[in-house]
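Colleague: I am new to this protein, and I would like to go through the terms used for it one at a time. Could you show it to me and then explain how each label is earned?

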Amino acid sequence: MLSVGPVSSKNTTSDPMTEVGNTQEIYFAGGCFWGTEHFFKQINGVKSTEVGYANGKTKNPTYDIVSHTKSGYAETVKVRYDPEKVALKTLIELYFKTIDPTSLNRQGNDIGEQYRTGIYYKDEKDLSVIKSCIAALSKNYLKPLAIEVKPLTNFYKAEDYHQDYLDKNPQGYCHIDPALFEMARKANQDTTKNKGKDSKKTSTH
């Protein structure tokens with residue numbers, strides 16, 4: 001991950017979106033977590049996000065430890081979502097648009113084990129969905145995929161200045177094409193309101 005200058009360590013993370021009804025969790029590693037988090041925040045049905053370090057070997061990792069030692073951690077985004085508004089399958093398909101799934105321990109300019117790609121789950125029922133999606137998407141690539149799929153063994157929230165980083169630093173470094181953020185906003189539009197409007201219009205005839 002490239003440095004973009006000093007940032008405040010004060011917690012300026014935005015308030016999480018209100019969580020109503022059923023909420024599930026899935027964890028995505030996709031290179032630098034700044035861009036990956038910002039991408040998922042755009043998707044309708046995602047209730048909240050949090051960046052951190054997943055599936056490593058030590059307790060209480062810091063950014064410095066993850067960046068400069070063989071801690072085993074991956075920069076990861078915790079995604080809490082409403083499955084009634086967005087399916088796990090959709091999240092995985094959108095995630096694929098932000099990564100090179102054939103690249104091992106590298107995304108964009110970021111190189112190292114901490115930048116590997118991975119999907120980590122807490123609910124065993126998610127595994128079949130993950131495997132099915134990856135199998136289908138793998139047909140689009142000539143090379144074998146390098147995405148690891150494992151149960152989440154641990155996750156530590158990253159330092160406050162990493163949370164919502166691109167909201168606080170709009171010109172900050174990002175390995176994801178900015179056009180994909182707009183694509184994510186449009187990818188899972190809530191059509192409920194439109195359906196309601198259509199039904200009202202129909203009833204007036």
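Modeller: What follows is a conversation about helices, burial, ring pairs and salt bridges in this structure, which is a predicted model.

Colleague: How many helices and strands does the protein have, and what share of the residues is buried?

Modeller: The protein has seven helices and eight strands, and buried residues make up 45% of its 205 residues. As for contacts with a separation of 6 or more, 80% of them are between residues 24 or more positions apart.

Colleague: What makes α1 a mostly covered helix?

Modeller: Nine of the nine residues of α1 are buried, namely F33, W34, G35, T36, E37, H38, F39, F40 and K41. These buried residues pack against β1, β2, β3, α3, α5 and α6.

Colleague: Why is α1 called roughly parallel to α6?

Modeller: The two helices pack at an angle of about 30°, with their axes 8 Å apart. Angles under 35 degrees count as roughly parallel, and the angle of about 30° falls under that limit, so α1 is described as roughly parallel to α6.

Colleague: Which residues meet where α1 and α6 are in contact, and how do they divide by character?

Modeller: From α1 there are G35, H38 and F39, and they meet L180, F181, M183 and A184 of α6. The residues of this contact divide into five nonpolar, two polar and no charged.

Colleague: Turning to the rings, why are F28 and F40 called stacked?

Modeller: The structure holds nine aromatic pairs, and F28 with F40 is one of them, at 4.6 Å centre to centre and with 20° between the planes. Ring centres have to lie within 6.5 Å to pair, and planes under 30 degrees apart count as stacked; the values of 4.6 Å and 20° satisfy both conditions, so the pair of F28 and F40 is called stacked. The pair links distant parts of the chain, with F28 in strand β1 and F40 in helix α1, 12 residues apart. Both F28 and F40 are buried.

Colleague: What makes the pair of F28 and Y95 tilted?

Modeller: F28 and Y95 lie 4.8 Å apart, centre to centre, with 40° between the planes. Planes under 30 degrees apart would count as stacked and those over 60 as edge-to-face, and 40° is neither, so this pair is tilted. F28 is in strand β1 and Y95 in helix α3, 67 residues apart, so that this pair too links distant parts of the chain.

Colleague: How do you know that F28 and Y95 are buried?

Modeller: Buried means under 20% relative accessible area; F28 has 0%, and Y95 likewise has 0%, so both count as buried. Ring pairs also link F28, F39, F40, Y95, F96 and Y141 into a cluster.

Colleague: Why is the contact between R80 and E25 called a salt bridge?

Modeller: The nitrogen and oxygen of the two side chains are 3.5 Å apart, and the limit is 4 Å, so R80 and E25 qualify as a salt bridge. R80 lies in strand β3 and E25 in strand β1, so the pair ties together parts that are 55 residues apart in sequence. The structure holds 10 salt bridges.

Colleague: Are R80 and E25 buried or partly exposed?

Modeller: They fall on opposite sides of the 20% limit. R80, at 26%, is partly exposed, whereas E25, at 18%, counts as buried.

Colleague: What makes D164 and K41 a salt bridge, and where do the two residues sit?

Modeller: The closest N and O atoms of D164 and K41 are 2.8 Å apart, which is within 4 Å, so the pair meets the definition. D164 is in the loop between β8 and α5, and K41 is in helix α1, 123 residues apart. D164 counts as buried, because its relative accessibility of 6% is under 20%.

Colleague: How do you know that R185 and E182 are about one helical turn apart?

Modeller: R185 and E182 are three residues apart in helix α6, so they are separated by about one helical turn. Their side chains meet in a salt bridge of 2.8 Å, N to O. R185 is partly exposed at 36%, and E182 is partly exposed at 34%.

Terms used: Residues are numbered from 1 along each chain as its sequence is written. This is a predicted model: local features need pLDDT of at least 70, side-chain atom pairs count only at pLDDT 80 or more; totals for chains, interfaces and linings use all residues. Side-chain values use heavy atoms; hydrogens and water are left out. Helices (H or I, at least four residues) and strands (E, at least two) are DSSP runs, numbered from the N terminus. Buried means under 20% relative accessible area, exposed over 50%, partly exposed in between (1.4 Å probe, protein chains only). Rings of Phe, Tyr and Trp (its six-membered ring) pair if their centres lie within 6.5 Å; planes under 30 degrees apart count as stacked, over 60 as edge-to-face and the rest as tilted. Axes are lines fitted to C-alpha atoms, for helices over the stretch in contact, and angles run from 0 to 180 degrees between N-to-C directions. Angles under 35 degrees count as roughly parallel, over 145 as roughly antiparallel, 65 to 115 as roughly perpendicular and the rest as oblique. Contact means heavy atoms within 4.5 Å. Ala, Val, Leu, Ile, Met, Phe, Trp, Tyr, Cys and Pro count as nonpolar, Asp, Glu, Lys and Arg as charged, and the others, Gly among them, as polar.
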